[in-house]
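User: Could you take me through one small part of this protein closely, step by step? I am in my first year, so please keep the explanation friendly.

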Amino acid sequence: MSCTFTPAFCRIDLAAIRRNFHRMGSPADLMPVIKSDAYGHGLLPVARVLAEEGALRFAVGTADEGAELRRAGMGQEIVPLMGCLTGDDWRTAAACGLTPLITCFDDIAAAAAAASACGARRLPVALKCDTGMGRLGFAPEDAPALAERLRAHPALAPRLALSHLSSVDMPTEDAYTEMQIRRFERFLAGLRTAFPDILPSLGNSAATLGPARQRSGICRPGLALYGGDPFAGTGRELADGSLEWAMSIAAPILAVHPLRAGESVSYGRIFTAPRDMRVAVAAAGYATGYARALSGRVSLLVRGRRVPQVGRICMSMLMLDVSALPETTRGDLAWALGGPAEPGDRPVDAQELAQLLDTIPYEILCLMGALNPRRYV
Ligand SMILES: *Cc1c(COP(=O)(O)O)cnc(C)c1O
């Protein structure tokens, strides 16, 4: 972005990400997920701190993201989770020494061709199984045929067997998770005679931190690295409670003015002052990921206190009722996520906004992190 279109900013606490990473266990058992610009936290800054903390592998979305990590000098094993679609993707994967996914039989020839075109003697690959997500990969029953076909391509070195659990965050779906784990075990068994050293990788954040951990192989936590509790609202408690959110969003207050009883604010006049009030105008709106659907249903933190948002949320501004905080002035910060709270108040987090919007915190983090200029602490 060459010029910013908002004075708001996204504050990323990299130390929180370091601490969250260590809560996931030993780096040797992990492949942290930093796809989609590290869920809006920034691919390279997050990769760098995880590398410093001992990360041996990364899961990214595209081969391009993997190439970006290589250009930054990172030597970890890198798996692009969306697979390789075009010839360019395969060339990038082979030239950068990524570990591309093999998701279907056609991928085998494409991977082998790319390896030979760039003179790679050995291209590591990850074999993807669909155990019940219904997205990418082979059926478990395909494993023997897959192993057979791979043996015809000595340049391809199967390193990992991957699958993804669809509902391991839902205690009510434990039976389905069990079925997926068993299908994965069948896939692995079908590969192991040909590739005895292949490593299994099954779990996401919920598997990493929940009862499925022991059977999830190398875990691929995403959300939990950034502070999200994958079991929020399910009744399943995390063993060691405290993950820390890494992202905060601060919007400077542009103006404070009186609003007399009977006067309205913002588009469509959905809010009319029931009494004389003071209103602050803060620089956040739907253009920077603060959804208009939150209008009148949400609060922000000003001077450590929660204050209600009033009226329609605009493209890059919103209004707050700061009547209870008469000292509020232009230049103060309104925190849409995180920020310092006084005793008795707590910051808004991505889980709370997600609930209001009938979505998940992933979406809040990706959008707000992408749309607000980031500052690292
Ligand atoms: C995104 C993703 C993950 C990480 O999931 P979280 O719920 O964020 O921990 C792991 N594996 C795959 C294949 C993914 O696409």
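Analyst: Let's begin with a word we will need: two residues are in contact when heavy atoms of theirs lie within 4.5 Å. Keep in mind too that this is a predicted model.

Our starting point is proline 308, which is found in strand β13, residues 305-310. Leaving out residues up to four places away in sequence, proline 308 touches Val298, Ser299, Met319, Leu320 and Asp321. Is proline 308 buried, partly exposed or exposed? Its relative accessibility is 40%, so proline 308 counts as partly exposed, because that class lies between the 20% limit for buried and the 50% limit for exposed. You can also look from proline 308 to serine 323: they are 15 residues apart along the chain, and their C-alpha atoms are separated by 9.9 Å.

Now let's follow one of those contacts, serine 299. This residue lies in strand β12, residues 299-302. Serine 299 has a relative accessibility of 14%, so serine 299 counts as buried; the cut-off for that class is under 20%. Which residues does serine 299 touch, not counting those up to four places away in sequence? They are Tyr290, Arg306, Val307, Pro308, Gln309 and Val348. With Arg306 there is a further detail: a polar contact of 3.2 Å joins the side chains of serine 299 and arginine 306.

To place this part in the whole protein, look at the domains. The domain assignment gives domain 1 as 14-226 and domain 2 as 247-348. The C-alpha centres of domain 1 and domain 2 lie 42 Å apart.

Elsewhere there is an open sheet of four strands, in the order β4-β5-β6-β7, with parallel pairing. β4 (101-102) and β7 (199-201) stand at the edges with a single partner strand each, so one side of each has no neighbour in the sheet. β7 pairs with strand β6 (residues 156-162) in the parallel sense over three bridges, and leucine 160 has leucine 199 of β7 as its bridge partner.

Finally, let's visit the ligand. Of the 13 residues around the ligand, those that come nearest are Lys35, Tyr39, Ser205, Leu223 and Tyr362. An N or O atom in the side chain of lysine 35 is 2.6 Å from an oxygen atom of the ligand, and for the side chain of serine 205 the distance to a ligand oxygen is 2.5 Å. Taken alone, the ligand exposes 390 Å², and the protein buries 94% of that.

Notes. Residues are numbered from 1 along each chain as its sequence is written. This is a predicted model: local features need pLDDT of at least 70, side-chain atom pairs count only at pLDDT 80 or more; totals for chains, interfaces and linings use all residues. Side-chain values use heavy atoms; hydrogens and water are left out. Domain bounds come from an automatic or database domain assignment. Helices (H or I, at least four residues) and strands (E, at least two) are DSSP runs, numbered from the N terminus. Buried means under 20% relative accessible area, exposed over 50%, partly exposed in between (1.4 Å probe, protein chains only). A residue is near a molecule or strand if one of its heavy atoms lies within 4 Å of it. A polar contact is a pair of N or O atoms within 3.5 Å; within protein, one must be able to donate a hydrogen and the other to accept it, and residues adjacent in sequence count only if both atoms are side-chain atoms. Accessible areas come from the Shrake-Rupley method with a 1.4 Å probe; for residues, only the protein chains shown count as cover. Two strands pair if DSSP finds at least two bridges between them.
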